[in-house]
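Work through the exercises below with the sequence and the model open. Try each task before reading its solution.

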Amino acid sequence: GRPVDAMVLRHVLEHVLAPRELLATARAAGVRAVMLTVPNADSRLRRPLGAAWSHWDPPRHVTYFTPDTLRDTAARAGYEVARLKTYGIDEVVSSLNRVVSISHAQASPGLRRRALGASLPLLQAKGPLSALSASASTFVANCVCHAVLVAR
């Protein structure tokens, strides 16, 4: 019966056209803490993977963040970053899946489902590229930002 004082935005802000306004509205409503995760546009693999980078996902992803822009957005919305770290996920195989899916979808819309099915073994823990991808993600370890914001 009372407003929430904390919220979790796991892979939400990249889908929002006005993320500062969303956070400011939450702050005005009494949300004192926000835990969030967003893709890191400063990922070390973003440039080498180019358009294949798994977190380029237009038109669904409309806003991109770096650790600095995330801190700035939070501050302008009335929050300070209590904690921010970057970490790796399976960026290599996910990006490969994106390339396969997009290229097959462009060739024939009906092939997208089959392309995804063919590439799913690569995404599974026992897939042929899982060891390489896990090693690369561990080494790179900065493709997403995880932050805890607290009200100022």
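**Exercise 1: a helix pair**

Helix 1 and helix 3 are oblique to each other. The model is a predicted one. Task: find the crossing angle of helix 1 and helix 3, and explain the term oblique.

Solution. Step 1: take the two segments, residues 19–28 for helix 1 and residues 67–76 for helix 3. Step 2: their axes come within 8 Å and cross at roughly 45°. Step 3: angles under 35 degrees count as roughly parallel, and 65 to 115 as roughly perpendicular. The angle of roughly 45° fits neither range, so the pair is oblique. Step 4: add the hand; the crossing of helix 1 and helix 3 is right-handed.

Task: which residues of helix 1 and helix 3 meet?

Solution. Step 1: from helix 1, take Pro19, Arg20 and Leu23. Step 2: from helix 3, take Thr73, Ala74 and Arg76. Step 3: sort the contact by class, which gives 3 nonpolar, 1 polar and 2 charged residues.

**Exercise 2: the core**

Task: name the residues of the largest nonpolar core that touch the most other members.

Solution. Step 1: the largest nonpolar core has 18 residues. Step 2: those touching the most other members are Leu13, Leu23, Val34, Leu36, Leu70, Tyr79 and Leu149. Step 3: look at the suppliers. Helix 1, strand 2 (33–39), helix 3, strand 3 (79–87) and strand 4 (144–151) each give at least two residues to this core. Step 4: strand 4 contributes the most, with 4 residues.

Task: list what Leu149 touches, leaving out residues up to four places away in sequence.

Solution. Step 1: start with Leu23, Arg32, Ala33, Val34 and Leu36, which are among the contacts of Leu149. Step 2: complete the list with Ala74, Tyr79, Glu80 and Val81.

**Exercise 3: three strand residues**

Task: are Thr37, Val148 and Ala151 buried or partly exposed?

Solution. Step 1: recall that buried means under 20% relative accessible area. Step 2: Thr37, in strand 2, has 4% and is therefore buried. Step 3: Val148, in strand 4, has 24% relative accessibility, so Val148 is partly exposed. Step 4: Ala151, also placed in strand 4, has 12% and therefore counts as buried.

Task: find the contacts of Thr37, Val148 and Ala151, setting aside residues within four places in sequence.

Solution. Step 1: Thr37 touches Leu9, Arg10, His11, Val12, Glu14, Tyr87, Val144, Cys145 and His146. Step 2: Val148 contacts Val34, Met35, Glu80, Val81, Ala82 and Arg83. Val148 and Val81 are 67 residues apart in sequence, with C-alpha atoms 6.0 Å apart. Step 3: Ala151 contacts Arg27, Val31, Arg32, Gly78 and Tyr79. The C-alpha atoms of Ala151 and Ala82 are 9.6 Å apart, across 69 residues of chain.

**Exercise 4: backbone details**

Task: where is the cis peptide bond that has an omega of about 5°?

Solution. Step 1: the cis bond joins Pro58 and Pro59. Step 2: Pro59 sits in the loop between helix 2 (46–49) and helix 3.

Task: which residue has a positive phi of about 55° although it is not a glycine?

Solution. Step 1: the residue is His11. Step 2: His11 lies in the loop between strand 1 (6–10) and helix 1. Step 3: His11 has 23% relative accessibility, so His11 counts as partly exposed. Step 4: link back to Exercise 3, where His11 is among the contacts of Thr37.

Notes
Residues are numbered from 1 along each chain as its sequence is written. This is a predicted model: local features need pLDDT of at least 70, side-chain atom pairs count only at pLDDT 80 or more; totals for chains, interfaces and linings use all residues. Side-chain values use heavy atoms; hydrogens and water are left out. Axes are lines fitted to C-alpha atoms, for helices over the stretch in contact, and angles run from 0 to 180 degrees between N-to-C directions. Angles under 35 degrees count as roughly parallel, over 145 as roughly antiparallel, 65 to 115 as roughly perpendicular and the rest as oblique. A crossing is left-handed if the near helix is turned anticlockwise from the far one by less than a right angle, and right-handed if clockwise. Contact means heavy atoms within 4.5 Å. Ala, Val, Leu, Ile, Met, Phe, Trp, Tyr, Cys and Pro count as nonpolar, Asp, Glu, Lys and Arg as charged, and the others, Gly among them, as polar. A nonpolar core is a set of buried Ala, Val, Leu, Ile, Met, Phe, Trp, Tyr and Cys residues joined through side-chain atoms within 4.5 Å. Buried means under 20% relative accessible area, exposed over 50%, partly exposed in between (1.4 Å probe, protein chains only).
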